[in-house]
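This report describes a ligand site and the pocket around it. The sequence and structure come first.

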Amino acid sequence: MRDVADLLATVPTGLWIGGEQRPAVGGGTFAVHDPATGEVLTEVADATAADGRLALDAAVAAQASWAATPARERAEILRRAWESVMARRDDFALLMTLEMGKPLTEAQGEVTYGGEFLRWFSEEAVRINGRYTHSPSGAGRILVTKQPVGPALAITPWNFPLAMGTRKIAPAFAAGCTMVVKPAAETPLTMLLLGQVFADAGLPAGVLSILPTSRAAQLTDPMFEDDRLRKVTFTGSTGVGKILLAQSASKVLRTSMELGGNAPFVVFDDADLDAAIDGAMAAKMRNIGEACTAANRFHVDNAVREEFTARLTARMQSLKIGPGHLDGVQVGPLITAKQRASVADLVADAVAKGAKITTGGAEVPGPGWFYEPTVLTDVPAGARILREEVFGPVAAITGFDGEAAGIAAANNTEFGLAAYIYTRDLDRALRVAEALESGMVGVNRGIISDVAAPFGGVKESGLGREAGTEGIEEYLETKYIALP
Ligand code: ADP
């Protein structure tokens with residue numbers, strides 16, 4: 001394995017603004033921790049509002065020439081960035097494991113997935129189309145073209161430090177937008193390394209800025225009042241998303257919001273239980289349960305509930321917990337002590353209201369923020385865990401009787417990001433998939449994210465779609481030119 005000290009020595013720790021690394025105005029820094037040990041990995045520059053203004057200045061200065069850069073050239077830069085991420089796969093993977101805690105094999109998977117957005121949107125960059133038609137009245141001609149939205153601000157979360165960045169940066173660049181990225185304070189290192197990759201790939205100065213900060217709102221609040229910013233793209237909690245939407249109203253910014261989820265995992269009485277258990281483990285435990293697509297509620301037909309619970313319990317018990325870079329580890333630490341406390345709170349609430357623990361249910365003593373893989377059964381309707389995203393390795397199981405009750409249970413939430421269903425009946429699968437109030441439905445699959453598919457939610461889970469052929473539209477304006 002790559003030596004940790006060697007790797008950290010190669011990662012930039014300054015702000016990335018205007019094509020160069022620089023300290024924060026005022027010289028502040030903050031510490032990045034390893035959640036498996038609680039120890040400090042390194043210090044990075046702590047961006048201020050003044051740095052935000054400098055980054056926006058650089059983005060605005062670069063916007064016109066970047067938009068005018070031939071799409072093929074923009075595509076080639078994205079393609080080279082993809083090649084470079086792949087060439088540095090081991091560095092990116094280890095860095096994500098260190099700052100975020102996920103097992104190394106999952107971090108390697110994220111390098112492939114996150115890198116793929118660079119390749120996919122390099123291919124989309126050259127396929128931005130318009131149309132030319134005649135008015136039905138015969139009064140004129142209609143020319144429709146697409147133009148870049150303009151300078152964009154991306155605010156990203158810590159759970160997928162690479163992919164949540166590239167899913168925004170790649171379509172923005174493909175469309176011809178410049179971008180200021182504010183990564184999560186917990187995981188800024190992956191994004192800073194990506195900045196270096198883009199510089200090496202020949203990205204012009206100012207097109208990308210990267211501003212880690214320990215005071216997010218102080219950095220970004222003034223940007224929402226700046227006429228020059230045209231777009232905000234955010235992945236994170238629904239609470240923060242609502243604040244950013246309100247702030248976006250001031251200048252009527254274009255917004256893309258990937259917010260919280262509360263994904264139901266619905267197992268019908270005709271499900272293939274082997275497949276359902278495999279799918280449940282993937283949908284629950286990928287990323288230690290810290291994914292907005294993670295299965296949060298398991299609704300299982302009472303005909304198969306006991307067997308499903310027993311088998312899921314056995315699988316959860318068999319998982320190996322530990323620091324993500326160690327061989328064979330399947331469950332890493334949670335991101336912070338606060339996150340672990342919030343998971344413990346939701347479990348305590350469910351148990352106080354009558355849920356039973358079939359495995360787990362406790363913090364792992366020792367250094368780091370580990371929590372045992374946990375299964376709760378007989379979770380009563382009033383338990384908070386059925387309404388709130390647990391973001392941890394806890395599966396909450398409830399029973400239902402019949403298809404209609406399963407659908408009603410699944411839709412009983414203000415969220416609507418992902419949903420999972422298990423059934424062997426194709427008619428039922430289509431019927432239920434259409435009835436579910438969510439942006440994405442997995443049928444007999446526990447992992448649904450795909451670079452070529454539109455990712456996004458309905459209800460309070462968000463606005464807009466990332467990836468797929470839809471993703472680039474979030475960074476394009478439609479212009480109509482009326483002709484005689
Ligand atoms: P989580 O609970 O997963 O950390 P958050 O929604 O709190 O999710 O954070 C997601 C991202 O939003 C992070 O980069 C965080 O720094 C940023 N953020 C949080 N609050 C604000 C805010 N008021 N203004 C701008 N960014 C914010």
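## Terms and model

In the residue classes used here, Ala, Val, Leu, Ile, Met, Phe, Trp, Tyr, Cys and Pro count as nonpolar, Asp, Glu, Lys and Arg as charged, and the others, Gly among them, as polar. A pocket is found on a 1 Å grid over the protein atoms alone, as an open set of points where a 1.4 Å probe fits, with protein on both sides within 12 Å along at least five of seven lines; its lining residues have an atom within 4 Å of a point.

The model is predicted: local features need pLDDT of at least 70, side-chain atom pairs count only at pLDDT 80 or more, and totals for chains, interfaces and linings use all residues. Residues are numbered from 1 along each chain as its sequence is written, and side-chain values use heavy atoms, with hydrogens and water left out.

## Ligand shell

The ligand is surrounded by 14 residues (a heavy atom within 4 Å), and T156, W158, K182, T220 and S237 are the closest. By class, 8 are nonpolar, 5 polar and 1 charged. Helices and strands are DSSP runs (H or I, at least four residues; E, at least two), numbered from the N terminus. α8 provides the largest share of the shell, 3 residues.

## Polar contacts

Polar contacts are pairs of N or O atoms within 3.5 Å. A ligand oxygen lies 2.6 Å from a side-chain N or O atom of S237. For T156, a backbone N or O atom is 2.7 Å from an oxygen of the ligand, and for K182 a polar side-chain atom is 3.0 Å from a ligand oxygen.

## Largest pocket

The largest pocket holds about 1,100 Å³ of space (the volume filled by probe spheres set on grid points joined across faces, edges and corners). Its lining has 38 residues, and W158, F234, G236, S237 and V240 are the closest to its centre. By class, the lining has 16 nonpolar, 14 polar and 8 charged residues. α9 gives the most, with 5 residues.

Conventions. A polar contact is a pair of N or O atoms within 3.5 Å; within protein, one must be able to donate a hydrogen and the other to accept it, and residues adjacent in sequence count only if both atoms are side-chain atoms.
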